[in-house]
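Colleague: I would like a close look at a single part of this model, the salt bridges. Please set that part in the context of the whole chain.

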Amino acid sequence: EMCIRDRQTTADDIKNKSAKLDEILAAQKKLQTDITNKQAEIEQNQKDLAAAQEKQQEQYDAMKKRIQFMYENSAEDNIWTAIIESNGITDMLNRIEYVSDVYDSDRALMDSYQAAVEQVKEIGTKLDNDMNELTAMQDDYEKQQADVEAAIVAVSYTHLRAHETVL
(Lines give C-alpha, C1' and ligand atoms only; values in the text may rest on other atoms or scores of the structure.)
Protein backbone atom coordinates (compact mmCIF):
# COMPACT_ATOMS: atom_id res chain seq x y z
CA GLU A 1 0.00 0.00 0.00
CA MET A 2 2.90 2.35 0.75
CA CYS A 3 4.32 1.66 -2.67
CA ILE A 4 1.00 2.55 -4.36
CA ARG A 5 0.77 5.77 -2.37
CA ASP A 6 4.38 6.66 -3.31
CA ARG A 7 3.60 6.01 -6.97
CA GLN A 8 0.51 8.21 -6.75
CA THR A 9 2.50 10.96 -5.01
CA THR A 10 5.22 10.67 -7.65
CA ALA A 11 2.63 10.79 -10.46
CA ASP A 12 1.03 13.87 -8.88
CA ASP A 13 4.47 15.44 -8.47
CA ILE A 14 5.27 14.80 -12.13
CA LYS A 15 1.86 16.18 -13.15
CA ASN A 16 2.38 19.36 -11.06
CA LYS A 17 5.91 19.92 -12.32
CA SER A 18 4.81 19.31 -15.92
CA ALA A 19 1.96 21.81 -15.47
CA LYS A 20 4.44 24.33 -14.03
CA LEU A 21 6.73 23.73 -17.00
CA ASP A 22 3.80 24.27 -19.42
CA GLU A 23 2.91 27.48 -17.59
CA ILE A 24 6.48 28.78 -17.82
CA LEU A 25 6.71 27.84 -21.51
CA ALA A 26 3.42 29.66 -22.26
CA ALA A 27 4.62 32.77 -20.41
CA GLN A 28 7.93 32.59 -22.23
CA LYS A 29 6.16 32.31 -25.61
CA LYS A 30 4.03 35.37 -24.79
CA LEU A 31 7.10 37.29 -23.69
CA GLN A 32 8.89 36.37 -26.92
CA THR A 33 5.91 37.74 -28.88
CA ASP A 34 6.00 40.91 -26.75
CA ILE A 35 9.74 41.27 -27.44
CA THR A 36 9.17 40.88 -31.19
CA ASN A 37 6.37 43.48 -31.10
CA LYS A 38 8.52 45.88 -29.05
CA GLN A 39 11.38 45.49 -31.54
CA ALA A 40 8.99 46.34 -34.40
CA GLU A 41 7.74 49.36 -32.42
CA ILE A 42 11.32 50.50 -31.87
CA GLU A 43 12.11 50.18 -35.58
CA GLN A 44 9.04 52.30 -36.42
CA ASN A 45 10.01 54.88 -33.80
CA GLN A 46 13.51 55.07 -35.29
CA LYS A 47 11.97 55.79 -38.70
CA ASP A 48 9.63 58.37 -37.14
CA LEU A 49 12.58 59.98 -35.36
CA ALA A 50 14.54 60.24 -38.61
CA ALA A 51 11.53 61.82 -40.36
CA ALA A 52 10.99 64.25 -37.46
CA GLN A 53 14.67 65.22 -37.47
CA GLU A 54 14.48 65.83 -41.21
CA LYS A 55 11.37 67.98 -40.75
CA GLN A 56 13.11 69.87 -37.93
CA GLN A 57 16.07 70.57 -40.21
CA GLU A 58 13.77 71.77 -43.00
CA GLN A 59 11.98 74.09 -40.58
CA TYR A 60 15.31 75.38 -39.29
CA ASP A 61 16.55 76.03 -42.83
CA ALA A 62 13.33 77.88 -43.73
CA MET A 63 13.60 80.00 -40.59
CA LYS A 64 17.24 80.75 -41.33
CA LYS A 65 16.35 81.91 -44.85
CA ARG A 66 13.57 84.11 -43.47
CA ILE A 67 15.92 85.72 -40.95
CA GLN A 68 18.47 86.34 -43.69
CA PHE A 69 15.75 87.90 -45.87
CA MET A 70 14.59 90.08 -42.99
CA TYR A 71 18.17 91.25 -42.40
CA GLU A 72 18.75 92.05 -46.07
CA ASN A 73 15.35 93.74 -46.53
CA SER A 74 14.65 95.09 -43.06
CA ALA A 75 13.11 98.38 -44.20
CA GLU A 76 10.28 96.73 -46.18
CA ASP A 77 8.78 94.74 -43.29
CA ASN A 78 9.00 97.43 -40.64
CA ILE A 79 5.75 98.81 -39.20
CA TRP A 80 7.27 102.29 -38.88
CA THR A 81 8.35 102.26 -42.50
CA ALA A 82 4.80 101.29 -43.47
CA ILE A 83 3.40 104.27 -41.58
CA ILE A 84 6.01 106.88 -42.56
CA GLU A 85 6.30 106.03 -46.27
CA SER A 86 2.61 105.53 -46.91
CA ASN A 87 0.75 107.61 -49.47
CA GLY A 88 -2.50 108.14 -47.63
CA ILE A 89 -4.57 106.22 -45.15
CA THR A 90 -5.49 103.37 -47.55
CA ASP A 91 -1.85 102.77 -48.49
CA MET A 92 -0.86 102.90 -44.81
CA LEU A 93 -3.54 100.35 -43.84
CA ASN A 94 -2.46 98.07 -46.70
CA ARG A 95 1.17 98.30 -45.60
CA ILE A 96 0.28 97.65 -41.97
CA GLU A 97 -1.79 94.63 -43.02
CA TYR A 98 1.16 93.35 -45.09
CA VAL A 99 3.52 93.76 -42.12
CA SER A 100 0.98 92.01 -39.91
CA ASP A 101 0.70 89.12 -42.40
CA VAL A 102 4.49 88.82 -42.53
CA TYR A 103 4.61 88.78 -38.73
CA ASP A 104 1.88 86.08 -38.61
CA SER A 105 3.78 84.04 -41.19
CA ASP A 106 7.01 84.39 -39.20
CA ARG A 107 5.19 83.39 -36.01
CA ALA A 108 3.70 80.32 -37.75
CA LEU A 109 7.15 79.40 -39.04
CA MET A 110 8.60 79.68 -35.55
CA ASP A 111 5.73 77.67 -34.03
CA SER A 112 6.19 74.98 -36.66
CA TYR A 113 9.90 74.78 -35.90
CA GLN A 114 9.23 74.56 -32.16
CA ALA A 115 6.68 71.78 -32.79
CA ALA A 116 9.24 69.88 -34.87
CA VAL A 117 11.84 70.23 -32.11
CA GLU A 118 9.32 68.99 -29.53
CA GLN A 119 8.34 66.05 -31.74
CA VAL A 120 11.98 65.00 -32.08
CA LYS A 121 12.36 65.23 -28.30
CA GLU A 122 9.18 63.19 -27.63
CA ILE A 123 10.05 60.46 -30.11
CA GLY A 124 13.59 60.29 -28.74
CA THR A 125 12.23 59.88 -25.19
CA LYS A 126 9.77 57.20 -26.35
CA LEU A 127 12.58 55.41 -28.12
CA ASP A 128 14.71 55.45 -24.96
CA ASN A 129 11.78 54.13 -22.92
CA ASP A 130 11.09 51.40 -25.49
CA MET A 131 14.74 50.33 -25.44
CA ASN A 132 14.63 50.11 -21.63
CA GLU A 133 11.42 48.05 -21.79
CA LEU A 134 12.97 45.76 -24.39
CA THR A 135 16.04 45.22 -22.22
CA ALA A 136 13.80 44.39 -19.24
CA MET A 137 11.78 41.97 -21.38
CA GLN A 138 14.94 40.27 -22.59
CA ASP A 139 16.16 39.96 -18.98
CA ASP A 140 12.79 38.41 -18.03
CA TYR A 141 13.10 36.03 -20.97
CA GLU A 142 16.54 34.89 -19.81
CA LYS A 143 15.21 34.38 -16.27
CA GLN A 144 12.28 32.38 -17.62
CA GLN A 145 14.71 30.33 -19.69
CA ALA A 146 16.54 29.43 -16.48
CA ASP A 147 13.17 28.55 -14.88
CA VAL A 148 12.35 26.31 -17.88
CA GLU A 149 15.66 24.53 -17.55
CA ALA A 150 15.12 24.06 -13.80
CA ALA A 151 11.59 22.74 -14.37
CA ILE A 152 12.84 20.29 -17.01
CA VAL A 153 15.48 19.04 -14.58
CA ALA A 154 12.85 18.69 -11.82
CA VAL A 155 10.46 16.73 -14.05
CA SER A 156 13.28 14.55 -15.37
CA TYR A 157 14.56 13.88 -11.83
CA THR A 158 11.06 12.96 -10.65
CA HIS A 159 10.62 10.62 -13.64
CA LEU A 160 13.99 9.03 -12.94
CA ARG A 161 13.18 8.63 -9.26
CA ALA A 162 9.84 7.05 -10.18
CA HIS A 163 11.55 4.52 -12.48
CA GLU A 164 14.11 3.68 -9.79
CA THR A 165 11.29 3.01 -7.33
CA VAL A 166 9.63 0.65 -9.81
CA LEU A 167 12.86 -1.26 -10.35
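Modeller: What follows goes from the overall fold to the salt bridges, and then to the nonpolar core and one loop residue.

The model is predicted. The protein contains three helices and zero strands, and its pattern along the sequence reads α-α-α. Helix H1 covers 2-72 and helix H3 covers 89-166, while helix H2 covers 79-84. Of the 167 residues, 24% are buried. The exposed surface comes to about 12100 Å², and carbon and sulfur atoms supply 55% of that area. Among contacts between residues at least 6 apart in sequence, 78% join residues at least 24 apart.

Now the salt bridges, of which the structure holds eleven. Several charged residues are connected to one another: Lys38, Glu41, Lys126, Asp130 and Glu133 are linked in a network of salt bridges.

Within this network, consider Glu133 and Lys38. Their salt bridge has its closest N and O atoms 2.8 Å apart. Because Glu133 lies in helix H3 and Lys38 in helix H1, the pair ties together parts that are 95 residues apart in sequence. The C-alpha atoms of Glu133 and Lys38 are separated by 8.1 Å. The two partners fall into separate accessibility classes. Glu133 has a relative accessible area of 38% and counts as partly exposed. Lys38 stands at 9%, and the cut-off for a buried residue is under 20%, so Lys38 counts as buried.

A second pair in the network is Lys126 and Glu41, whose side chains meet in a salt bridge at 2.9 Å, N to O. This pair also links distant parts of the chain, with Lys126 in helix H3 and Glu41 in helix H1, 85 residues apart. Lys126 is partly exposed at 36% relative accessibility, and Glu41 is partly exposed at 31%.

A salt bridge within one helix is formed by Asp34 and Lys30, with the closest N and O atoms 2.9 Å apart. Both residues lie in helix H1, four residues apart, which is about one turn of the helix. Asp34 is partly exposed, with a relative accessible area of 24%. Lys30, at 53%, is exposed.

The nonpolar residues come next. The largest nonpolar core has ten residues in all: Leu31, Ile35, Ile42, Leu49, Ala52, Val120, Ile123, Leu127, Leu134 and Met137. The elements that give two or more residues to this core are helix H1 and helix H3. Leu31 is one member to look at individually. Leaving out residues up to four places away in sequence, Leu31 touches Met137, Asp140, Tyr141 and Gln144. Of these, Met137 is itself among the residues of the core.

One residue outside the helices completes the picture. Ser86 sits in the loop between helix H2 and H3. Its relative accessible area is 16%, and under 20% is the range for buried, so Ser86 is buried. Apart from its neighbours within four places in sequence, Ser86 is in contact with Thr81, Asp91, Met92 and Arg95.

Taken together, helix H1 and helix H3 each give two or more residues to the largest nonpolar core, and they are also joined by the salt bridge of Glu133 with Lys38 and by that of Lys126 with Glu41.

How values were computed: Residues are numbered from 1 along each chain as its sequence is written. This is a predicted model: local features need pLDDT of at least 70, side-chain atom pairs count only at pLDDT 80 or more; totals for chains, interfaces and linings use all residues. Side-chain values use heavy atoms; hydrogens and water are left out. A nonpolar core is a set of buried Ala, Val, Leu, Ile, Met, Phe, Trp, Tyr and Cys residues joined through side-chain atoms within 4.5 Å. Buried means under 20% relative accessible area, exposed over 50%, partly exposed in between (1.4 Å probe, protein chains only). Contact means heavy atoms within 4.5 Å. Accessible areas come from the Shrake-Rupley method with a 1.4 Å probe; for residues, only the protein chains shown count as cover. A salt bridge is a side-chain nitrogen of Lys or Arg within 4 Å of a carboxyl oxygen of Asp or Glu.
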